[in-house]
Amino acid sequence: MAAVIYSNNSPLSDQFTNPTNLNLGQAIGSSGWYYNNVRNNGTVGVRASFPYLSSGSVFFQSPSGAAKADIEYLPNAANVFGNYVSGASLGRFSDLQSFSYSWYRSSSSTVASHLHPVMRVLLDADGNLATTGDRGGLVFERVYNSGSVAVNTWVSDTVSSGTYLWNFGLGLGFAANINATPFAYDATLAEWQAYFPNALVIGFSAGVGSGWNGVFSGAVDSISWSLAGQSLTFNFEVAPAADIPEPSTLLLTASGAALLLLSLRR
Ligand SMILES: [Ca+2]
Ligand SMILES: [Ca+2]
């Protein structure tokens, strides 16, 4: 069963963007989901552009290499200078069984052919939420898992114990090599869980951009995770239009009120 996350706006749907180079975010209602890390004209929003599971999905557009945009689930998030940061744990990283999503790359995209919206698990490496210098995440990309990138079709990917992930932050810097191989991008989820036995999961994230030279247009949807035996799935949809009475109904109501007024006067 998938929880439905609706756009903030209806019926025009969401198109959150930011022209500056400082990260900006916006809450999606009180769902716990945020448009986040949006900069340099990156765009993210629940729209009907690329329908999936019913009629909507999370649309992404990156017009240049400097642009970035994410959608993130951040428990008890705090707004820090307009961008959002997680304020709580979703559970122990060692209890993370899998996470998954579906993504779409439009053929109008001009970025390198291996690029597609990525998915990340966000972590506090030492499990102490009071220390934030060890926050970061692990990133899934098809190119490091012998997967090709199709265009104009929805693709589903699941990260489980044997899937390769690369890191940012976590007190290790960017793309650290934690295993015995000479390559930094082939540490599995299981290897990362063994490397950070006390880590906490502080969110999930999907997004595009930051160094993607060219234009990207696409989407993500059906983001899910299984943590300590509990599975959650989120389906993103444009909010239904508000219930506005038909003009004929309005007319009937108006004439009914007029008749009532007339009878009351009599
Ligand atoms: Ca959807
Ligand atoms: Ca910490």
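**Strand pairing, core and local backbone features of the predicted model**

Phe-60 of strand S6 stands opposite Gly-218 in strand S18. This register belongs to an antiparallel pairing in which S6 and strand S18 (residues 216-227) are joined over five bridges. The structure described here is a predicted model. Strand S6 also pairs with strand S5 (residues 43-52), again in the antiparallel sense, through six bridges. Within that pairing, Thr-43 is placed opposite Gln-61 of S6. S5 and S6 constitute a hairpin with three residues between the strands, and Leu-53 in the turn adopts a positive phi of about 45°. Strand S6 (residues 56-62) is largely enclosed by the rest of the structure, because seven of its seven residues are buried.

The protein as a whole contains two helices and 19 strands. Its C-alpha trace spans about 95 × 40 × 35 Å along the principal axes. Of the 266 residues in the protein, 41% are buried. Contacts between residues at least 6 apart in sequence are formed in 69% of cases by residues at least 24 apart.

Confidence in the prediction was examined next. The average pLDDT of the protein is 93, and 91% of the residues score at least 70. Over residues 255-262, however, the pLDDT is below 50, and this stretch has zero contacts in the model beyond near neighbours in sequence. Where pLDDT is low, predicted coordinates should not be read in detail.

The largest nonpolar core comprises 66 residues, of which Val-44, Val-58, Leu-123 and Leu-165 touch the most other members. Strand S17 (residues 200-209) makes the greatest contribution to this core, with six residues. Nonpolar side chains tend to be buried together in soluble globular proteins. When residues up to four places away in sequence are not counted, Leu-165 touches Leu-138, Val-139, Phe-140, Val-159, Ala-187, Leu-189 and Trp-192.

Two further buried positions illustrate the packing around individual residues. Glu-237 is located in strand S19 (residues 230-237). Glu-237 counts as buried because 22 C-beta neighbours lie inside 10 Å, the cut-off for burial being 20 or more. With residues up to four places away in sequence left out, Glu-237 touches Val-4, Tyr-6, Val-46, Ser-54, Ser-55 and Gly-56. Gly-56 is 181 residues from Glu-237 along the chain, yet the C-alpha atoms of the two are separated by 4.3 Å.

The second position, Leu-74, occupies the loop between strand S7 (68-73) and strand S8 (78-80). Despite this loop setting, Leu-74 is buried, with 23 other C-beta atoms within 10 Å. Apart from neighbours within four places in sequence, Leu-74 is in contact with Gly-32, Tyr-34, Tyr-84, Val-85, Ser-86 and Gly-203. The C-alpha atoms of Leu-74 and Thr-153, which are 79 residues apart along the chain, are separated by 28 Å.

Tyr-34, one of the contacts of Leu-74, lies in strand S4, where Ala-27 stands opposite Tyr-34. Strand S3 (residues 24-27) and strand S4 (residues 33-39) run antiparallel and are joined by three bridges. Five residues separate the strands in the hairpin of S3 and S4, in which Gly-29 takes a positive phi near 55°.

Several backbone conformations were also noted in residues other than glycine. Most residues other than glycine have a negative phi, and most peptide bonds are trans. Asn-37 is not a glycine but has a positive phi of about 55°. Asn-37 is placed in strand S4, and with 22 C-beta neighbours inside 10 Å it counts as buried. Ser-146 likewise has a positive phi, near 55°. Ser-146 is found in the loop between strand S13 (135-140) and strand S14 (154-159). In contrast to the buried Asn-37, Ser-146 is exposed, with 7 other C-beta atoms within 10 Å. The peptide bond joining Ser-10 and Pro-11 is cis, with omega at about 0°. Pro-11 lies in the loop between strand S1 (3-6) and strand S2 (16-17).

Definitions and conventions. Residues numbered from 1 in each chain as written. Chains lettered and ligands numbered in written order. Predicted model: local features only at pLDDT ≥ 70, side-chain atom pairs only at ≥ 80, totals over all residues. Helix = DSSP H or I, 4+ residues; strand = E, 2+ residues; numbered from the N terminus. Buried ≥ 20, exposed ≤ 12 C-beta atoms within 10 Å, placed from the backbone. Contact = placed C-beta atoms within 7 Å. Core = buried A, V, L, I, M, F, W, Y, C linked by C-beta atoms within 7 Å. Pairing = 2+ DSSP bridges. pLDDT = per-residue confidence, 0-100.
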